[in-house]
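Me: I have a structure to go through with you, and I would like to know what stands behind each label. Could you walk me through the reasoning?

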2 protein chains.
Amino acid sequence: MSSNALSGEIADRPARVSGIDKIERRRIALAESALKTLGELGYARTSLREIANNSEFTHGVVHYYFRDKIDLISYCVRYYKTKCAKRYDEVVETAATADELGAGFLAKMTQTLVEETPMHRLWYDLRAQSMFEEQLRPDVVAIDQLLEAMIWRILSRYAELVGGEPAVDAPTAYALVDGLFEQAVVGYAADPEGVTDRLVARVSQVLPKLITT
Amino acid sequence: MSSNALSGEIADRPARVSGIDKIERRRIALAESALKTLGELGYARTSLREIANNSEFTHGVVHYYFRDKIDLISYCVRYYKTKCAKRYDEVVETAATADELGAGFLAKMTQTLVEETPMHRLWYDLRAQSMFEEQLRPDVVAIDQLLEAMIWRILSRYAELVGGEPAVDAPTAYALVDGLFEQAVVGYAADPEGVTDRLVARVSQVLPKLITT
DNA sequence: GACTTTGTTTGACACTTGTCAAGAAATCTC
DNA sequence: GAGATTTCTTGACAAGTGTCAAACAAAGTC
């Protein structure tokens, strides 16, 4: 029962501050290791034991820090979320021209596609799973909103630099760009050859059409 | 071993034509039942026993007609494929004006979203799974191409009726429309309220931008 | 009607899964 | 350093999985 009290939202009165810090550190280490395995195998094929095996911990530890599987996955997703949505912020802030913004965006986009393929695969997997597993939905919705806001920042800044207005609203813009990106992720899993080039070509073809000058 | 010979591509010399017909009929019946369960539970959570339980057959029969689980799923996907890509053909052929085509397309699109939600959920699930399960890839690629061609038929006919040219190539157009549709499918699973209306608004907002007049 | 082929049921197998609990080890507290 | 608390290991459990094979039923063949 003590494990239960610890594993949910931190509602307990912890004895020492350094204690809950250590717990949080362990959870993060577990989550990072779990994310590696999840990205490799996907949600369905990843068991708690597999996660433990690919880490420096035993499978009992996993259950000591997380109530159950969903709790772990959910934690992983929330942890992942904090990293992924700030990817383009620097580009948006530093770019002085529309072309510079477009180029920077595309560069970062292909970079993350190549360097963090497993994470993107996992994300699309989890989003699909959320249609069947209700408990995943809140986290998926939150990330989707984060990504939508991110795309919107890029598009509206792009419009600003080009001296126009976005021609579509935020959800539409996100769905369009996400469609292109998911196509690239799926294609990259099957055969990486030329995928990034095609993605760049398509996005830069579409982006101007989403602006009214 | 006889089951093995039968379950792959039909490479055997069948004794009687009526025999292989009956086999094919059983396989189709199994596939239809399996698709119902798969659409409800998703790929990961669907076991052969669950499929058998939700059908009039026992779990042994499943294995009699299909070599293994992947063989069954693969057959289901190919069977599903034959149904889904012709959905809009009638609209394309009969529509006399661009508006009529657009309206017909949107109507069919929302109709299939609502009436065949489980199938669409399954499709996006399977496409995500194909990133992890290599054996699923050929079928997924085939369906993706079919859908891409379908969207392309609509878009080029639309351009023709409006007296212009498609402004993007087929894969791009497919990715864009698919992004909007997937967003609707995921959103529909979470909360159906107003999803179709938003989908219609977004698609009809985007479609004209994909044409140069 | 006996015999062979085809189809189906049933029960079993080896294995993996999430979950848990009892106890060992490490850490902290005084 | 003794005692209490936290952390971790280990082994077990019940349930569920894909797969298969042997017994049984049905249908077709001569």
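**Where the chains and the DNA meet**

Reply: Gladly! In chain B, 39 residues are in contact with 39 residues of chain A. Please keep in mind that this is a predicted model.

Me: What makes the area between chain B and chain A count as buried?

Reply: Buried area is accessible area that two parts lose on being put together, summed over both. For chain B and chain A this comes to about 3,200 Å², and carbon and sulfur atoms give 62% of that. On the chain B side, Met131(B), Phe132(B) and Lys209(B) lose the most area to chain A, together 22% of what that side buries.

Me: Why is the pair Glu182(A) and Arg127(B) called a salt bridge?

Reply: The label needs a side-chain nitrogen of Lys or Arg within 4 Å of a carboxyl oxygen of Asp or Glu. The side chains of Glu182(A) and Arg127(B) have an N to O distance of 3.6 Å, so the pair meets the 4 Å rule. The count between chain B and chain A is four salt bridges.

Me: Which elements of chain B give two or more residues to the side that touches chain A?

Reply: They are helix H2 (17-41), helix H8 (117-129), helix H10 (170-190) and helix H11 (195-206) of chain B. H10(B) gives the most, with 13 residues. By class, that side of chain B has 21 nonpolar, seven polar and eleven charged residues.

Me: On to the DNA. How do you know that His63(B) makes a polar contact with DNA strand D?

Reply: The cut-off for a pair of N or O atoms is 3.5 Å. A polar side-chain atom of His63(B) is 3.4 Å from a phosphate oxygen of strand D, so the pair falls within the limit.

Me: What about Arg26(A) and Lys69(B): which part of each residue faces a phosphate oxygen of strand D?

Reply: For Arg26(A), an N or O atom in the side chain lies 2.5 Å from a phosphate oxygen. For Lys69(B), a backbone N or O atom is 3.0 Å from one. Both values are within 3.5 Å, so both pairs qualify as polar contacts.

Me: Which element gives the most to the surface near DNA strand D?

Reply: That is H4(A), with five residues. By class, this surface has five nonpolar, six polar and eight charged residues.

Me: And which residues around strand D come nearest?

Reply: Of the 19 residues around strand D, these are Arg26(A), Arg49(A), Thr58(A), His59(A) and Tyr65(A). Sugar and phosphate account for 70% of the atoms of strand D that come within 4 Å of the protein.

Conventions
Residues numbered from 1 in each chain as written. Chains lettered and ligands numbered in written order. Predicted model: local features only at pLDDT ≥ 70, side-chain atom pairs only at ≥ 80, totals over all residues. Heavy atoms only, no water. Near = heavy atom within 4 Å. Polar contact = N/O pair within 3.5 Å; in protein donor to acceptor, adjacent residues only side chain to side chain. Helix = DSSP H or I, 4+ residues; strand = E, 2+ residues; numbered from the N terminus. Nonpolar A, V, L, I, M, F, W, Y, C, P; charged D, E, K, R; others polar. Contact = heavy atoms within 4.5 Å. Buried area = accessible area lost by both parts, 1.4 Å probe.
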